[in-house]
Amino acid sequence: MSESSTQLNKGRLFGYDLVKSFFVSSPTQEKMDGWKAVMRKLEEESVNPTLDRSVALFNELIDKMSLAQIQREYYELFENPFGDHLVNTAASAYMDGRNFGPTLVALRGFLVEAGIEKVDSWKESEDSLVVMLDFMITLIEQADSNGKRVVAAQKRLLKDFILPFSHRFYQALSNNDVAVFYEALGLFLLGFMEMEEAILQEAEG
């Protein structure tokens, strides 16, 4: 793999880790400080319209909302079992209209072909957001040794699962009365995946 490809993949891994950190657990002050540092830097650049809009929105909201407000929003959207504003994070829920649908079956088949196994510590299904992000991280980490086969797997994981999920997930957040800060993060997820689509379209494989 060329030096430029290696550097590109390092940047991609950083991006996936960042997006994963948005949704894997409730934010802490340490997380927030890290997010702010990245978003301030991204505001100086232009990536694509969706990502640029999400960065501007994040930087606007972060100056208005307290950590406690954002933590309460996370709880209502992703943790409260008795709330009316829970947002599903499984691809099947959006693409099939129910959890554990054909999308999950298809993803499991893809994972067998790609030789990837779900980490035992994950409680969520394979088609949940953070787990799908983890699968892509694994594929990027394998790129040095597996070349074209892994690039093809990355393209398929993005095109068939993560990108269509990201569109629907953002729509769910934008229609949710509680989602304010996390609507911006859902938009960031979508913008990042649109960037990934462009990167992988140019990649060999």
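# Exercises on an all-helix model

Buried residues, meaning those under 20% relative accessible area (exposed is over 50%, partly exposed in between, with a 1.4 Å probe and protein chains only), make up 47% of the 205 residues in the protein chain. This is a predicted model, in which local features need pLDDT of at least 70 and side-chain atom pairs count only at pLDDT 80 or more, while totals for chains, interfaces and linings use all residues. Residues are numbered from 1 along each chain as its sequence is written, and side-chain values use heavy atoms, leaving out hydrogens and water.

## Exercise 1: Confidence

Find which helix has the lowest mean pLDDT and which has the highest.

*Solution.*
- Start with the term: pLDDT is the predictor's confidence in each residue, from 0 to 100.
- Next, take the whole chain: the average is 93, and 95% of the residues score at least 70.
- Now go by element: helix 8 (residues 143-146) is lowest with a mean of 68, and helix 4 (residues 67-79) is highest with 98.
- A word of care: where pLDDT is low, the predicted coordinates should not be read in detail.

## Exercise 2: Overall build

Work out how many helices and strands the protein chain has, then look at its dimensions.

*Solution.*
- Count DSSP runs from the N terminus, with helices (H or I) of at least four residues and strands (E) of at least two.
- The count gives 10 helices and zero strands.
- The radius of gyration, taken over C-alpha atoms, is 17 Å, close to the 17 Å from the globule rule for 205 residues, so the chain is as compact as a globular protein of that length. That rule is 2.2 Å times the number of residues to the power 0.38.
- Along its principal axes, the C-alpha trace spans about 45 × 40 × 30 Å.

## Exercise 3: The core

Identify which residues touch the most other members of the largest nonpolar core.

*Solution.*
- Such a core is a set of buried Ala, Val, Leu, Ile, Met, Phe, Trp, Tyr and Cys residues joined through side-chain atoms within 4.5 Å.
- Of its 61 residues, the answer is Phe-23, Phe-181, Tyr-182 and Phe-188.
- Elements giving two or more residues to this core include helix 1 (3-23) and helix 10 (181-202).
- Beyond four places in sequence, Phe-181 touches residues including Trp-35, Phe-58 and Ile-70.

## Exercise 4: A loop residue

Locate Ser-26 and list its contacts.

*Solution.*
- Ser-26 lies in the loop between helix 1 and helix 2.
- Ser-26 counts as partly exposed because its relative accessibility is 24%.
- Leaving aside neighbours within four places in sequence, Ser-26 is in contact (heavy atoms within 4.5 Å) with Lys-31, Gln-71 and Tyr-74.
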